[in-house]
Amino acid sequence: MKTLEELNAIREKAKATMTVREDNSDVIRVVVGMATCGIAAGARPVLNSFVEEVARRRLKNVTVTQTGCIGMCQYEPIVEVFEKGKEKVTYVKMTADKVARIVNEHLVNGNVVTEFAVGSFTK
Amino acid sequence: MYRAHVLVCGGTGCTSSNSKKIIDAIEDEIAEKGLADEIKVIQTGCFGLCALGPIMIVYPEGCFYSQVKVEDIPEIVEEHLLKGRPVKRLLYEETVAPDIIKSLNDTAFYKKQKRIALRNCGVIDPESIEEYIAMDGYQALAKCLTELKPEDVIQIVKDSGLRGRGGGGFPTGLKWSFTAKNEADQKYVVCNADEGDPGAFMDRSVLEGDPHCIVEAMTICGYATGATQGYVYVRAEYPIAVKRLSMAIEQAKQAGLLGKNIFNSGFDFDLHIRLGAGAFVCGEETALMTSIEGNRGEPRPRPPYPAVKGLFGKPTTENNVETFSNIPQIILHGAESFASMGTERSKGTKVFALGGKIKNTGLVEIPMGTTLREIIEEIGGGIPNGKKFKAAQTGGPSGGCIPASLIDTEIDYDNLTAIGCMMGSGGLIVMDEDTCMVDIAKFFLDFTVDESCGKCSPCRIGTKRMLELLNKITDGSATMDDLDKLEELAYHVKENSLCGLGQTAPNPVLATLKFFRDEYIAHIVDKKCPAGVCKSLLKYVILEDKCKGCTVCARNCPVGAISGTVKKPHVIDTKKCIKCGACIEKCKFNAIIKK
């Protein structure tokens, strides 16, 4: 180790892999429904795409977790996005392809992708 | 990128309750469910709540599983890791609220703690230098080497008010400055990890949970004092600590954080481990250095102090593990931030190993000035089985005790010294009404008699004679003259012994005499042990009106001391009775008592 820059580079890289362990209530929580119905409908690739996309963009304020049956099994895979002080957003009939747009528009820029949200499906 | 991290405690406590098997089981189960790319399993250091081990935390939710069994793993993986439903039945009950799972930091055990020395224990993987660096590791070293002069470093440590955590409480910055001002061709830094007090394990936990912080702190000390060689003297009985420390040293060398020209500053530092064979006296600084030199671990007279003539006759700075573990934080966050915690003359925090008659046995780190009541009743969760608190023993065989009447004492160096006790390295043994204080004094003296190195006669012969007097007291053959003799001898040993071991060996006797003299007198005059511990003074008796004559006691007595016919009250022959207590345990009618 010769310079502080070298040390900082290692720190930033290692830190990015550890954000999941931070006790932080200000993060945006992306929750994927992973009950039997969700898994059968293809929730796993959706979950993995979220994890990859969030990691790729180095979003420190987002955690991706899974939950049990959200309840509307006909709309699975379902993904819910929780953000402090905002209404919960529910995305339905998710696919891995839709993930990139949600991450880009919603998680990064704060614009809900209404065409994927539950409202536009149940109308 | 992993979406979840499973942290399993790999400290000695949890390892001995099988956490290694749990890690294997989780890894197998995760692989079987095809989750190996999504979930990372990490072995960490001690979380502190050893009573509830093995311990496991699942992030991002922060779910705290306690007393995990291998059989529970399939359920945890299937329900929690796959389907995202924490298994509430297995969570630490205090974290389970009706709707939410509370953070660990909100539980009574963790709420009042302030973790500086233990900041990374249970948080990072101790075998990964990257994780240490991610938690600002080696930043303090970089700051020292690139921005600060050695005298600035010493000034920061002085200003922080940090005092030696090994027990003595000597100001650390001052100690460093003594070595720094002595000119020599070679100087040394020594880390005392020869933790020998019965019941104390904070140094082990730091080495196991955060070994890099010791490497970093010792290097900083080397820079500040002008030393280029360091030795860690650690007990061979701490295999996990030794393994992780060796690993950390190796990783630091590879990364260029140890060795030549660190951070291009021209400063060289190298670190070695020396294993101790477990002699208590080697925790004494001069004996420790004699042992590192390859000689029999015996103390030498001071002065000359190690700062003048220490290891291999060269100026040496020696600090304890916990002292070192505070250093990087002090450098990074400044002396003021550290000095803002604690009391007037004792700054920062102190780690205690909580043991004995207490619900939450484990490791706690509290700001100096926290009261004993907060430690025992809130953090420790109180005394089990509704028993009454009698006293807390601190400082191990060199320390004293704090009686129940002083439970509101604010814990710091000076308050403890004022009541005839000492901070010690941090063992805190809680005793309830069933503990005999004479027996406790005897236990610790028995330990020091065994551990006395024999070099000086006050310690070698004096402690032995004291133990004989204590034995006389507990077997009921002592007179009040013996008590006076014991006290006189205690002061003699204290005044005349060569090193800290002998000088402090009488402390358990003196402290118990100070607060519990009536118990000594009860043993000597009334021939009774009030707590019902000292066997020779006890008599087992069957209460005639309660005995139903069921014969269970007679059948379980190993020496056939109980006689009587069916459905008639039984009697114990006190001459035959060996006072093993088997009859009391078996009696369903509470008809047998000790008196």
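**Overall form of chain B and its contact with chain A**

Chain B has a radius of gyration of 27 Å, which agrees with the value near 25 Å that a compact globule of 595 residues would have; this radius is taken over C-alpha atoms, and the globule rule is 2.2 Å times the number of residues to the power 0.38. The model is predicted, so that local features need pLDDT of at least 70 and side-chain atom pairs pLDDT 80 or more, while totals for chains, interfaces and linings use all residues. Residues are numbered from 1 along each chain as its sequence is written, and chains are lettered from A in the order in which they are written.

Along the principal axes, the C-alpha atoms of chain B fill a box of roughly 90 × 65 × 40 Å. Chain B contains 22 helices and 18 strands, taken as DSSP runs (helices H or I, at least four residues; strands E, at least two) numbered from the N terminus. Of its 595 residues, 53% are buried, that is, with 20 or more other C-beta atoms, placed from the backbone, within 10 Å of their own.

Between the chains, 26 residues of chain A are in contact with 30 residues of chain B, contact being defined by C-beta atoms, placed from the backbone, that lie within 7 Å. On chain A, helix H1 (4-16), helix H3 (43-56) and strand S2 (62-67) each supply at least two residues of the side touching chain B. H1(A) gives the most, with 6 residues.

Technical notes
Contact = placed C-beta atoms within 7 Å. Buried ≥ 20, exposed ≤ 12 C-beta atoms within 10 Å, placed from the backbone.
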